[in-house]
Amino acid sequence: MDSVRSPEWPAAPLGGVAANSAAARYGMSPGTGPIIGRAGPPPTASPTAPPPYRPPSAQSVSPSPGKPAAPPIPVKILVAGGFGVGKTTTVGAISEIAPLTTEAEMTSAGIGVDDPGARSAKTTTTVAMDFGCVTIDRSLKLYLFGTPGQTRFGFMWDDLARGALGALVVVDSARLDDCFPAIDFFERAGLPFVVGVNAFDGRLALELGEIRWALAIGDHVPLVQFDARDRLSVRDALLVVLDRALDRATRDRRA
């Protein structure tokens, strides 16, 4: 993790093309309109590529009788993504304690810099991080760290990612460009991650297959739909993150 660089979000001039936009990512001119997808076909799978993700079968594990219960194992999980995609809401929906948030009121200084999207009624923004925790069962407890989404706080990602076993990258299907830096960061870091598409208003702007194509992520990366406001929906998404991290650890042990 020490050699991984923070997400590269160069500041965009007022009225210019955002550096993490599709136009900048694909080298297109801003006059060509919104871009969804990639300039070319998806990459072909190499012989060394990880296998496609498959959900595990349900298993029940009973504690051994006569043994005292051990304290739960702490697991650090990141909740990352672009600005205004629902990271703070995700942490707050699942945390069993009052979540630590660092929300500050958005001011006119953020006009042209922080764009939460036309559909958003967002009036505050995370200026450091979010923190919450949830006990999965008697043997496992998740500590959730929500990353800030703005360009100017990208330097914090290295520290927040240190010691994490996995990440949930929250995506707004109507603003896919905003999640590219997060996906690039975790791919460079080699940290297992799951892409969770937040269903704003209960629906998606694109189908999951179209979103996978547009993000250019392999079949080994789980892509799930969830509702950041719903506790059970967030729980299910985090369980996929745990399974992804366990799958990576098992394959590394066998290698």
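**Helix 5, the cores and the salt bridges**

In this predicted model, the residues of helix 5 that are buried pack against helix 4, strand 7 and strand 8 (223-226). The residues in question include Ile211, Arg212, Ala214 and Leu215, which are buried in helix 5. They share the same side of helix 5, because the arc they cover around the axis is only 165°. Just after helix 5 comes Ala216, whose phi is positive, near 55°.

Leu215 offers a way from this helix into the interior. When its neighbours within four places in sequence are left aside, Leu215 is in contact with Leu176, Cys179, Phe180, Ile183 and Val195. Leu215 is also one of the residues that touch the most other members of the largest nonpolar core, a set of 29 residues, and it shares that role with Leu78, Val169, Ile183, Phe186, Phe193 and Val195. At least two residues of this core are supplied by each of strand 1 (73-81), helix 3 (157-161), strand 6 (166-172), helix 4 (180-189), strand 7 (193-198) and helix 5 (208-215). Helix 4 gives the largest share of the core, with six residues. Another core, of 24 residues, lies apart from this one, and Val75, Val85, Ile94 and Leu142 are among its residues.

Two members of that other core, Val75 and Leu142, lead on to the strands. Val75 stands opposite Leu142 in strand 5, and the two strands concerned, strand 1 and strand 5, pair in the parallel sense over seven bridges. Leu142 is also the bridge partner, in strand 5, of Val134. Strand 4 (residues 130-137) runs antiparallel to strand 5 and is joined to it by seven bridges, and these two strands form a hairpin with two residues between them. What encloses strand 5 is the rest of the structure: six of its seven residues are buried, so strand 5 is largely enclosed. For following side chains along such an element, it helps to recall that in a regular strand they alternate between the two faces of the sheet.

Charged side chains add a further set of links, and a search of the whole structure finds seven salt bridges. One of them joins the side chains of Lys141 and Glu96, with an N to O distance of 3.8 Å. Lys141 belongs to strand 5 (residues 140-146), whereas Glu96 sits in the loop between helix 2 (87-94) and strand 2 (103-105), so this pair ties together parts that are 45 residues apart in sequence. Glu96 itself counts as partly exposed, at 40% relative accessibility.

Other salt bridges can be read together with the accessibility of their partners. Asp159 forms a salt bridge with Arg162, where the closest N and O atoms are 3.0 Å apart; Asp159 is exposed, with a relative accessible area of 52%, and Arg162 is partly exposed, with a relative accessible area of 39%. In the salt bridge that Arg175 forms with Asp178, the closest N and O atoms are 2.3 Å apart, and both Arg175 and Asp178 are buried. Arg175 and Asp178 also belong, together with Asp172, to a network of salt bridges.

Conventions
Residues numbered from 1 in each chain as written. Predicted model: local features only at pLDDT ≥ 70, side-chain atom pairs only at ≥ 80, totals over all residues. Heavy atoms only, no water. Salt bridge = Lys/Arg side-chain N within 4 Å of Asp/Glu carboxyl O. Helix = DSSP H or I, 4+ residues; strand = E, 2+ residues; numbered from the N terminus. Buried < 20%, exposed > 50% of the residue type's maximum accessible area, 1.4 Å probe, protein only. Core = buried A, V, L, I, M, F, W, Y, C linked by side-chain atoms within 4.5 Å. Contact = heavy atoms within 4.5 Å. Arc of directions from axis to C-beta. Pairing = 2+ DSSP bridges.
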